[in-house]
Amino acid sequence: MENLLNRPKAKNLKKYGLSDNVINWNLSGEELQKITIEKGMGRETANGTLAVNTGKFTGRSPQDRFLVRDDYTSNVWWGKINKPISPENFNLLYDRVADYLSGKEVYVHDGYVCAYPEYRLDVRTITEYPWSNFFVKNMFLRLNEEELKNFEEDWLILCAPGYIEENPEKYGLRQGNFSILNFTRKIALVGGSAYAGEMKKGIFSALNLILPTEKNVLPMHCSANVGQDGDTAIFFGLSGTGKTTLSADPERKLIGDDEHGWTPDDVIFNFEGGCYAKVIGLTEESEPDIYRAIKPGAMLENVVFNENTGEVDFFDTTITQNTRVSYPIDHIDDIQEGSYAGNPKNIFFLTCDAFGVLPPVSKLTPGQAAYHFISGYTAKVAGTEAGINEPVPSFSACFGEPFMPLHPTAYAEMLSKKMQESNVNVWLINTGWSGGPYGVGSRIKLKYTRRMISEILNGNLQDVDYEIHPIFGLKMPRYCHDVPSEMLNPINTWLQKGAYIQKSIQLAHSFHLNFEKFAEKASKEIVEGGPLIDEHHKITSDL
């Protein structure tokens with residue numbers, strides 16, 4: 001089923017070690033959806049959206065992510081996150097995957113990442129499954145017909161979910177699935193997992209090493225939008241903190257929802273051409289832009305829907321909490337032309353604090369901004385993972401540690417320098433609990449969070465009175481229009497004030513313990529940006 005119009009000059013895949021394939025070149029979303037359904041690998045929901053099940057893996061498998069250790073990766077921060085694999089083992093695994101795919105029907109997509117032309121990276125993706133190709137068609141930036149004719153990739157993704165390595169230890173693997181980046185050969189190799197996010201995050205991880213070391217561009221795990229006056233806002237945050245939700249603002253144009261670069265010449269640009277949003281608990285009222293983007297051309301993952309009517313139950317977590325949708329960015333009405341804009345005026349660090357300790361909004365000093373960026377705090381709540389029965393602190397450096405090949409302080413120093421050069425305001429926004437921890441207090445209402453962000457973007461929190469948090473040293477506004485003043489200082493919402501202080505000290509101690517592994521390379525200003533207690537729970541600053 002070859003698409004002759006969009007077929008590149010090469011008539012086969014022999015240069016990649018594949019042979020005797022039936023090759024589907026650059027098919028449309030409609031064609032890929034049709035094939036997926038015909039092969040029994042997906043279904044259409046009531047409104048015609050493709051829905052697939054990713055099988056055993058409904059999320060990334062970070063313990064099975066590897067980087068090839070060679071001359072290019074000499075400055076990688078090796079350890080728990082960045083696990084090495086030898087070039088020899090990579091080459092053997094690549095050949096085994098290529099042999100596995102040979103003789104099969106495969107799907108080829110040509111696209112690119114990095115919307116700002118100077119930093120464009122062309123990516124060819126060869127997949128075993130048609131819907132994996134549908135995913136990258138949604139997520140990567142799309143080429144026109146003329147560009148497709150003369151396409152030459154900078155990087156290759158080879159994705160074979162059906163390949164399970166039977167002798168993982170022989171090749172330095174933990175188990176039969178793997179996601180490996182080879183910076184010298186410029187290949188992302190995915191085997192044994194059908195979770196499509198492995199491809200997206202593989203290329204993001206590659207950019208997180210390539211851009212800062214080769215281009216002096218800061219890569220960021222963030223969403224971004226821009227106002228009518230050209231004021232850019234950036235939203236950092238881990239999964240579940242509201243990064244996608246809060247950047248989808250009807251009053252502003254969306255640049256992108258997940259991955260961006262900040263250039264030396266003061267440009268914020270989107271890496272991608274699509275959005276990959278969590279849809280658990282989704283309603284049209286709470287997140288209208290995302291809800292309306294779920295239509296033909298989008299792809300749902302691991303949702304539960306009525307077999308007879310096709311209606312999706314976005315609240316059903318039978319398969320996973322990590323239900324998702326991918327869709328082209330133009331499924332959102334208000335998008336920024338070109339997917340790039342100027343320097344940010346405001347940066348938001350989003351956290352879902354399930355302990356009910358952190359203020360709903362606070363303004364950060366440069367030292368605090370760097371400290372909280374390196375910390376990347378949020379909290380896991382009961383029910384999100386097996387064995388979690390009460391809130392657990394969760395730290396992910398730079399709000400994206402699993403994708404960061406360099407030491408976190410390298411990114412933090414780049415961010416600090418850019419923040420100071422552009423005189424940007426940095427804010428910590430808690431989208432989690434107030435009035436007590438999870439199970440006692442209540443989740444901060446989305447309408448209040450939106451109002452606080454809106455007031456910041458309008459400049460209305462610049463000159464209000466602030467008070468200092470006694471444990472974390474954060475500047476908390478005493479007033480914000482349309483937000484109950486008592487909730488701005490979280491201690492006011494707790495019935496037992498002593499319990500609040502105790503819980504604050506407990507969380508501050510978690511911050512300190514987490515930061516120990518970064519402290520040696522962090523400056524004095526960054527270290528002092530942390531909570532105002534030492535490891536013995538003593539206040540270390542005059543308040």
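Where does D258 lie? In this predicted model, D258 sits in the loop between strand 13 (253-256) and strand 14 (259-262). The close-up views below start there and then move on to other parts of the structure.

**Figure 1. D258 and its surroundings.** The loop between strand 13 (253-256) and strand 14 (259-262) carries D258. With a relative accessible area of 7%, D258 is buried. Leaving out residues up to four places away in sequence, D258 touches K200, K201, M220, H221, C222, S223, K243 and E272. Look for the link to K201: the side chains of D258 and K201 are joined by a polar contact of 2.7 Å.

**Figure 2. K201 in helix 5.** Here the view turns to the other partner in that contact. K201 belongs to helix 5 (residues 197-215). Its relative accessibility is 10%, so K201 counts as buried. Neighbours within four places in sequence aside, K201 is in contact with R60, H221, D258, E259 and F403. One of these residues, H221, is also touched by D258.

**Figure 3. A network of salt bridges.** Salt bridges link K200, K201, K243, D258, E259 and E272 into a network. Three of the network's members, K200, K243 and E272, are among the residues that D258 touches. E259, another member of the network, is in contact with K201.

**Figure 4. The residues listed by UniProt.** Which residues does UniProt list for "binding site"? The record, an unreviewed entry, names K201, H221 and D258. These residues are spread over 58 residues of sequence, yet they cluster in space, with a largest C-alpha distance of 10.3 Å. Of the listed residues, K201 is included in the lining of the largest cavity. Contacts knit the group together as well: K201 is in contact with both H221 and D258, and D258 touches H221.

**Figure 5. The largest cavity.** How many cavities of 30 Å³ or more are there? The count comes to four. The largest cavity has a volume of about 90 Å³. Its lining is made up of R60, S61, P62, R65, S179, L181, E198, K201, G202, S205, P402 and F403. Strand 9 and helix 5 each supply at least two residues of this lining. Helix 5 gives the largest share, four residues. Two of the lining residues, R60 and F403, are also in contact with K201.

**Figure 6. The second largest pocket.** This pocket holds about 630 Å³ of space. It is lined by 30 residues, and D249, P250, E251, R252 and S454 lie nearest its centre. Helix 6 (243-247), strand 13, helix 7 (288-293) and helix 10 (446-457) each contribute at least two residues to the lining. Which element gives the largest share of the lining of this second largest pocket? That is helix 10, with seven residues.

**Figure 7. The salt bridge between R174 and D64.** Across the whole structure, a search finds 22 salt bridges. In the one shown here, R174 pairs with D64, and the closest N and O atoms are 2.9 Å apart. R174 lies in the loop between strand 8 (155-160) and strand 9 (178-182), and D64 in the loop between strand 3 (50-52) and strand 4 (65-68), so the pair ties together parts that are 110 residues apart in sequence. The partners can be told apart by their accessibility: R174 is partly exposed, with a relative accessible area of 40%, whereas D64 counts as buried at 1%.

**Figure 8. The salt bridge between R124 and D110.** The side chains of R124 and D110 meet in a salt bridge, with an N to O distance of 2.7 Å. Because R124 lies in strand 7 (residues 121-127) and D110 in strand 6 (residues 105-113), the pair ties together parts that are 14 residues apart in sequence. Are these partners buried or exposed? Both R124 and D110 are buried.

**Figure 9. The salt bridge between R478 and E467.** R478 forms a salt bridge with E467, the closest N and O atoms being 3.8 Å apart. R478 is in the loop between strand 30 (475-477) and helix 11 (497-519), while E467 is in strand 29 (residues 466-468), so the pair ties together parts that are 11 residues apart in sequence. R478 is partly exposed, with a relative accessible area of 44%. E467 is partly exposed too, at 22%.

Key
Residues numbered from 1 in each chain as written. Predicted model: local features only at pLDDT ≥ 70, side-chain atom pairs only at ≥ 80, totals over all residues. Heavy atoms only, no water. Salt bridge = Lys/Arg side-chain N within 4 Å of Asp/Glu carboxyl O. Buried < 20%, exposed > 50% of the residue type's maximum accessible area, 1.4 Å probe, protein only. UniProt positions renumbered as here; feature names shortened; annotations may be inferred. 1 Å grid on protein atoms, 1.4 Å probe; cavity = no way out; pocket = protein on both sides within 12 Å on 5 of 7 lines; lining within 4 Å. Contact = heavy atoms within 4.5 Å. Polar contact = N/O pair within 3.5 Å; in protein donor to acceptor, adjacent residues only side chain to side chain. Points joined across faces, edges and corners; volume = space filled by probe spheres on them.
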